[in-house]
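Let's walk through this structure together, one step at a time. Keep the 3D view open as you read.

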Amino acid sequence: MNIGILGSGKVGQKLGSGFIELGHRVKIGTRDPNQEKIKEWIKKSGDSASAGTFSQAAAYGQLIVVATSWNGTLEAIRMCDPKDLVDKNVIDVTNPLDFSSDGLPKLAVGYTDSTGEIIQRLLPEANVVKAFNTVGNPHMVHPEFPNGPPTMFICGNNDNAKKTVINEFLTKFGWESIDIGGIEGSRLLEPMAMLWITHYFQTNNVNHAFKLLRK
Ligand SMILES: NC(=O)c1ccc[n+]([C@@H]2O[C@H](COP(=O)([O-])OP(=O)(O)OC[C@H]3O[C@@H](n4cnc5c(N)ncnc54)[C@H](OP(=O)(O)O)[C@@H]3O)[C@@H](O)[C@H]2O)c1
């Protein structure tokens, strides 16, 4: 399928390359499609990779990924034509990080709202699925850990959209997936990302991921 990714950072590039490996075509959306890092990504990714404005990526994608920094997320979505996002599955990878003070970032929206819900409210006719936000980008695609596949927790209001994200991407990348319910579950998944980030700040190491153990 054609996938439009809003965001040219490490996440956009990593997931974009992973989707291309699965046989999809990807257009990365950005304020400046001629940035050197994007040209390099296209060069190494081949004919299935392209870049355009946020609006062009939204129009291109049959499925959309939001992978912008929190302070640019609403602006990036507002640069898209709303009709290009109607009835589409939208994977929200964002975390609402506030880097305004020293040390660890803070959760910009607190604990009674979440970016997953904010994006769903902004795009009421899209099917927003929160996914991939609780791990660092190096392990988003083909996470390889000695104790087997880690767990990706996802949420969203539309069951078919969540099944698509699990069956078409997460399982194929090698994740175990757990659906925790409606998009309000983002209020759990975004603080969970803060836990991942806190451990990263403490260890200066990205090689960790969550796994649910059972007996
Ligand atoms: N990095 C990770 O390992 C990781 C893991 C899990 C979740 N996340 C979350 O995923 C998202 C993307 O992270 P990232 O590290 O790939 O990149 P990032 O540096 O957080 O974001 C880069 C993207 O944000 C856009 N952006 C920044 N300010 C903007 C503004 N004012 N208006 C419009 N767009 C703006 C940039 O646009 P341009 O292309 O125009 O520069 C770029 O496309 C973040 O929300 C992050 O918290 C990151």
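Start with two helices in this predicted model: α4, which covers residues 70–78, and α5, which covers residues 115–122. Their axes lie 11 Å apart, and the helices pack at an angle of about 15 degrees. Angles under 35 degrees count as roughly parallel, and α4 and α5 are therefore roughly parallel to each other. Their crossing is right-handed.

Which residues make the contact? On the α4 side you will find Trp70, Thr73, Leu74, Ile77 and Arg78, while α5 brings Thr115, Ile118, Ile119 and Leu122. Sorted by character, the residues of this contact are six nonpolar, two polar and one charged.

Now turn to the nonpolar cores. The largest one has 33 residues, and the members that touch the most others are Leu15, Phe19, Val65, Ile91 and Phe132. Several elements each supply at least two residues of this core: the strands β1 (2–6), β2 (25–29), β4 (63–66) and β9 (151–156), together with the helices α1 (10–21), α6 (159–173) and α7 (186–203). Which of them gives the largest share? That is α6, with six residues.

Try zooming in on Phe132. Leaving aside residues up to four places away in sequence, Phe132 touches Leu15, Ile91, Val93, Met140 and Met152, as well as Phe169, Leu170, Phe173 and Trp175. Apart from the largest core lies another one, made of 21 residues, including Ile64, Val66, Ala76 and Val90.

Terms used. Residues are numbered from 1 along each chain as its sequence is written. This is a predicted model: local features need pLDDT of at least 70, side-chain atom pairs count only at pLDDT 80 or more; totals for chains, interfaces and linings use all residues. Side-chain values use heavy atoms; hydrogens and water are left out. Axes are lines fitted to C-alpha atoms, for helices over the stretch in contact, and angles run from 0 to 180 degrees between N-to-C directions. Helices (H or I, at least four residues) and strands (E, at least two) are DSSP runs, numbered from the N terminus. Angles under 35 degrees count as roughly parallel, over 145 as roughly antiparallel, 65 to 115 as roughly perpendicular and the rest as oblique. A crossing is left-handed if the near helix is turned anticlockwise from the far one by less than a right angle, and right-handed if clockwise. Contact means heavy atoms within 4.5 Å. Ala, Val, Leu, Ile, Met, Phe, Trp, Tyr, Cys and Pro count as nonpolar, Asp, Glu, Lys and Arg as charged, and the others, Gly among them, as polar. A nonpolar core is a set of buried Ala, Val, Leu, Ile, Met, Phe, Trp, Tyr and Cys residues joined through side-chain atoms within 4.5 Å. Buried means under 20% relative accessible area, exposed over 50%, partly exposed in between (1.4 Å probe, protein chains only).
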